[in-house]
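Hello,

Here is the structure for your files. My notes on its charged side chains follow below.

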Amino acid sequence: MNDMIFIINYFLMIAEGIVLKRQSLKCGKKLFIIITFLQLAAIVSLRKETVGIDTAMYIQLLEWSKNDIEIYWIEAGSRAYIHLLGNICTTYTEYLAAWAIPTMVLFYRYIIRNSKDIYLSIYIFASLMFYFLEFSLVRQALAIAIVLQAVSLLDERKYFRYILIILIAMSFHSSAAVFFLLLPISFAKCKINLSLSIMIVALCGICAVFGRILTEIGARLIGYSSYLQTEYANAGNILHPVLFLIILMFCTILSIGTKSTKKRKFKIEYEMLAVGVLFYWISLSVQIVNRIPYYFTGSVMTILPNLIVEMKNRKQAKIVNICVIVFLVLYEFLMIAQSAQGIMPYQFFWE
């Protein structure tokens, strides 16, 4: 049963979406948000400390905090939060929930405020984002969730608040500084078209070739050079670079079919996704870089559903929607088959 918990949960989410999406249920969308949030929160919070790559390390940080051992090597915000949790959490479950729930709240907030199809956006989060973020990154996942709140501010040119949010995220994980890249990119006057796609593909090739050099420069800038001396400095795999490049090209095709006046709505999100794809291709040279794209690829949770909603042919839009869900299910099976991010075998805390 435990080996199937992720699959059962995902099919339950899809079934709930089908039922609650009916127009006769006025509160269907709210119920879907609440139910799926509780399901995902339960899975990540009720896990045993052996489930997830970095879970044991964060449990150790809690124990150090309870024993007043100084945790000098992590950021001030994370250090203060762990110290707070050390004083109030009596079980590992409470501690894991205290990290997971705020992170998920912020991801859901981003989806609710920016997506025109809440159902598909949550499916994308649960399949493409949930495992790696919640079971492995922990404090970086919270930083990623925080910076997502700055996307709309950048689009509205509220630069002070945009910078402030990134600084808050950096207090939990300094890698959030990479999101400053989006500021100069947002000023670029580029159109989403075939020429831009060709340029991005060419840049992916450059990133793959010069990935290690680019990583060494970036690691020094944000203070993570130490990772280059670990096993994480080995070459990464090709799956996500190719996968997200295909997703970006698919978004390009859908965007070309929309009216020019509406394309501006997708500009920031498209640029975010493109930057995330480039980082994935850099990760072919250095594996640890595959954690950075998540600051940017979170935009796929909204740009893809929104582009499908904008399709003129509603029959084709439904077919595309179904195809995306089928793809997400297949990705779900793949992650579980590979025991990605140490999620298998899943065990509850009482086992």
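Arg 47 is buried (under 20% relative accessible area, 1.4 Å probe, protein chains only), yet has no salt bridge (a side-chain nitrogen of Lys or Arg within 4 Å of a carboxyl oxygen of Asp or Glu). The nearest side chain of opposite charge, Glu 134, is 6.3 Å away. Lys and Arg count as positive, Asp and Glu as negative; His and the chain ends are not counted.

This is a predicted model: local features need pLDDT of at least 70, side-chain atom pairs count only at pLDDT 80 or more, and totals for chains, interfaces and linings use all residues. Residues are numbered from 1 along each chain as its sequence is written, and side-chain values use heavy atoms, with hydrogens and water left out.

What does the side chain of Arg 47 reach? The backbone oxygen of Val 44, at 2.4 Å. A polar atom of the Arg 47 side chain also lies 3.0 Å from the backbone oxygen of Val 51.

The salt bridge count comes to 6. Among them:

- Asp 54 and Arg 291 pair at 3.7 Å, N to O. Asp 54 lies in the loop between H2 and H3 and Arg 291 in the loop between H15 and H16, so the pair ties together parts 237 residues apart in sequence (helices are DSSP runs of H or I, at least four residues, numbered from the N terminus). Both residues are buried.
- Glu 75 and Arg 139 meet at 3.0 Å, N to O. They are 64 residues apart. Both are buried.
- Lys 267 and Glu 271 have their closest N and O atoms 2.6 Å apart.

Best regards

Terms used
Buried means under 20% relative accessible area, exposed over 50%, partly exposed in between (1.4 Å probe, protein chains only). A polar contact is a pair of N or O atoms within 3.5 Å; within protein, one must be able to donate a hydrogen and the other to accept it, and residues adjacent in sequence count only if both atoms are side-chain atoms. Helices (H or I, at least four residues) and strands (E, at least two) are DSSP runs, numbered from the N terminus.
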